[in-house]
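Please open the structure in the viewer and keep the selection panel at hand. The tour proceeds stop by stop.

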Amino acid sequence: MKRALVLTGGGDCPGLNAVIRAIVKRAAQEKDWEIVGSIQAFNGVLWEPTQIKVLDQQAVRGIHYQGGTIIETTNKGGPFAWPIKDNDGNWSTVDRSDEMLRKLQLLGIDAVINIGGDGSQKISQQLFEKGLNIIGVPKTIDNDLSATDSTFGYQTAVEIATEALDKLVTTAASHNRVFGMEVMGRYAGWIALNAAIAGGADVCLIPEIPYDIEVVKEKLESRFYKDRGFGIMVVSEGARPKKGKMHFEKSSEVGYENLKLGGVVHQVLRELKDAGLKVDMRDVILGHLQRGGIPTAYDRVLAAQFGVKAFEMVLEKEFGKMVSYRHPNIVAVPLKEAIGKPNLVTLDNRIIQTAKGLDISLGADI
Ligand code: F6P
């Protein structure tokens, strides 16, 4: 019997379970393959005792529409930066990758399928360079991974953000208020732009275009006083002012290397007030709501396509590669192409022209 190990790493994302189920169902069509899952990314392999669970058809029955991941996830640590505490209580990290590769051998693992975002796929590439038979499956609601047209989970996040905007519009109109709604997207404004277009926002601030508060104020004032009597603004968590920095906190969580974002919308409303916008303003941070709940049908289908292709790549021994959506095909691309350079919104992207064509202010004179 051959064994493929599946794991989910980084932030969770609607559609992870649909990928896992698709891998298991496709593998079941081969007589000699067993699928096992490592709990919390590679932690399940690294822990003593290991936490590896058999994923058979029974284990994945009916999970295609469930959010989250049945094998859990983590965005801390990993085989190259395993957190350890010294005698003085200080934390540092050690490289346990060689030990992990030996453990995988002992567990009889023939191939690994790593479902994760940029950080996880960097780990995949490093392990591939150390000789591991590994395949990547891209996931992120932010859609900021290169070498694929899009990732599953992203559509669901846009849908959740759009539904929230639809709700804010009615309360904003009833109370004659300006609403700022913050969405995820630490480096990329894809969720914000798509939700702003779908939800009919007046302003959309994204990390790629530093905003000028005067431009934002002018737009909201004009929409408020001359036009519809309320204002709607979508703000990416990674948005930053022209003369300022990204709004973040350093996390105190052990092994968590990401910057902790969230709350920039409060800052934008404060700046608007200081700049002299005299209307009632309220803000909402959608946060992790965008990562929870059931995936849209589109994301379930994309996730299923990724899962089936990932297992077929195992059969074809296409290691060191990542599954990718290149419309209309699902293909294999080198992991190297996917990591390093994020998929950001560029000014020449059609989505920017569309936003401008709809008279949505991007907070800058562009
Ligand atoms: O990478 C996806 C993402 O959803 C970002 O948009 C967000 O900043 C981050 O994850 C937050 O992750 P967590 O709170 O799980 O660390």
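Which residues surround the ligand? Select Asn75, Ile141, Asp142, Met184, Gly185, Arg186, Glu237, Tyr256, His288 and Arg291, and the shell around the ligand appears; a residue is near a molecule if one of its heavy atoms lies within 4 Å of it. The model is predicted, so local features need pLDDT of at least 70 and side-chain atom pairs count only at pLDDT 80 or more, while totals for chains, interfaces and linings use all residues. Residues are numbered from 1 along each chain as its sequence is written, and side-chain values use heavy atoms, with hydrogens and water left out.

**The shell around the ligand**

Colour the shell by class: three residues are nonpolar, three are polar and four are charged. In this scheme Ala, Val, Leu, Ile, Met, Phe, Trp, Tyr, Cys and Pro count as nonpolar, Asp, Glu, Lys and Arg as charged, and the others, Gly among them, as polar. Next, colour by domain, with bounds from an automatic or database domain assignment. Domain 1 (2-152 + 295-327) and domain 2 (155-292 + 346-357) each supply at least three residues of the shell.

**Polar contacts with the ligand**

Now display polar contacts (pairs of N or O atoms within 3.5 Å; within protein, one must be able to donate a hydrogen and the other to accept it, and residues adjacent in sequence count only if both atoms are side-chain atoms). Select Asp142, where a polar side-chain atom lies 2.9 Å from an oxygen atom of the ligand. For Arg186, the distance from a polar side-chain atom to a ligand oxygen atom is 3.0 Å, and for Arg291 it is 2.8 Å. On its own the ligand has 400 Å² of accessible area, of which the protein covers 81%; such areas come from the Shrake-Rupley method with a 1.4 Å probe, and for residues only the protein chains shown count as cover.

**Salt bridges**

Leave the ligand and turn to salt bridges (a side-chain nitrogen of Lys or Arg within 4 Å of a carboxyl oxygen of Asp or Glu). The count comes to 19. Select Arg26 and Glu30, whose side chains meet in a salt bridge at 2.9 Å, N to O. Arg26 is buried at 14% relative accessibility, and Glu30 is partly exposed at 24%; buried means under 20% relative accessible area, exposed over 50%, and partly exposed in between (1.4 Å probe, protein chains only).

Move to Lys260 and Glu253, a salt bridge of 3.8 Å, N to O. Finally, select Asp202, Arg223, Asp227 and Arg228, which salt bridges with shared partners join into one network.
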